[in-house]
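Biologist: Could you take me through one part of this model up close? I'd like to hear about the pockets, and what lines them.

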Amino acid sequence: MLYCFGGGILSGLMMAEAPIAPLSNSINVLMASVIWYLVFYCPQDMVYSCTALFPVRLVLTGMKEVTRTWKVMGGVAEAHSKYKDGLLVMIAIGWAKGAGGGLISNFEQLVRGVWKPETNELLKMTYPTKITLIGAVLFALQQTQYLAIQKHHLMLLYTVFTVVNKTSMTLTGSSSSPFAPIESVVHRTFFAGPSPSFTSETKTSVVKKGTGESLNRAAVPETSKAPGSSSKTAAHNRGKSSPKKANVQSESTETESCKKSD
């Protein structure tokens with residue numbers, strides 16, 4: 001019952017209404033109970049074998065998407081009746097109404113004695129949850145006159161889109177979301193940050209630049225030392241040669257004086 005009427009229960013809690021109101025319709029509860037029993041406990045699994053046939057499964061898939069459209073539109077209209085300008089409220093109630101069974105799946109698992117936090121729909125949305133959120137946004141924009149389109153036209157377009165997508169996924173056996181390319185582009189553009197290759201190239205250029213600057217700094221003092229060292233060597237040589245020149249001059253002076261005395 002939680003999974004079948006999850007949308008009504010969750011939207012009732014969000015709208016401050018009785019969460020057991022969806023269970024007040026005895027016909028719906030009886031129908032859900034009969035279907036549950038026939039699918040899981042019918043002798044020889046006859047009902048499940050019939051519903052597992054591919055043509056029957058395609059028809060049931062299309063019917064489920066049509067029901068999703070009515071649920072989302074009903075949730076948005078219910079929220080609009082109480083909150084005229086509450087765009088976010090309309091989106092939240094429409095989303096809860098159409099995908100409530102998946103959104104409260106963790107609570108439903110707790111009731112069954114199973115705990116799988118990694119299956120949280122808010123963290124890892126499945127295709128039904130995503131398509132329901134898109135429908136809630138579209139119907140809320142139309143309800144507040146931000147989307148210039150008639151309600152029945154939007155219902156038709158949204159229903160055809162969901163039925164065609166789900167039917168094609170069933171025919172091809174694909175479990176990947178058709179929104180995966182768009183999600184990857186948005187993720188790389190707004191949330192991924194710099195790529196690893198760009199980061200490594202930046203680091204390499206910085207290292208090379210730093211190495212070149214250090215080499216230049218190491219080379220500059222050596223070249224600046226060359227003139228100074230040569231001048232110092234010349235001065236030292238001059239210092240060494242000056243005593244020799246003085247000795248020679250003194251000897252020549254003594255020789256001349258001796259000759260004069262002779």
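**Pockets, starting with the runner-up**

Modeller: Sure, and keep in mind that this is a predicted model. Let's begin with the second largest pocket, where helix 7 and helix 9 (180–191) each put at least two residues into the lining. Helix 7 is the top contributor there, with three residues. The full lining is Met125, Lys130, Leu133, Ile134, Phe179, Ile182 and Glu183. Sorted by class, that gives five nonpolar residues, two charged and no polar ones. The space inside comes to about 200 Å³.

Now for the largest pocket, which has a volume of about 2200 Å³. It's lined by 50 residues, and Tyr3, Cys4, Ile35, Lys64 and Lys71 sit closest to its centre. By class, the lining splits into 21 nonpolar, 17 polar and 12 charged residues. Helix 4 (54–82) is among the helices that supply at least two residues each, and helix 4 gives the most, with 10. The others on that list are helix 1 (6–14), helix 2 (26–41), helix 3 (46–51), helix 5 (87–103), helix 6 (105–111), helix 7 (127–143) and helix 8 (151–172). So helix 7 turns up in the lining of the largest pocket as well as in that of the second largest.

As for the surroundings, the protein chain has 10 helices and zero strands. Of its 262 residues, 24% count as buried. The chain's accessible surface is about 18100 Å², with 67% of that belonging to carbon and sulfur atoms. Among contacts with a separation of 6 or more, 63% come from residues 24 or more positions apart.

Definitions and conventions:
Residues numbered from 1 in each chain as written. Predicted model: local features only at pLDDT ≥ 70, side-chain atom pairs only at ≥ 80, totals over all residues. Heavy atoms only, no water. Helix = DSSP H or I, 4+ residues; strand = E, 2+ residues; numbered from the N terminus. Buried < 20%, exposed > 50% of the residue type's maximum accessible area, 1.4 Å probe, protein only. Contact = heavy atoms within 4.5 Å. Areas by Shrake-Rupley, 256 points an atom, 1.4 Å probe, with all protein chains shown as cover. 1 Å grid on protein atoms, 1.4 Å probe; cavity = no way out; pocket = protein on both sides within 12 Å on 5 of 7 lines; lining within 4 Å. Points joined across faces, edges and corners; volume = space filled by probe spheres on them. Nonpolar A, V, L, I, M, F, W, Y, C, P; charged D, E, K, R; others polar.
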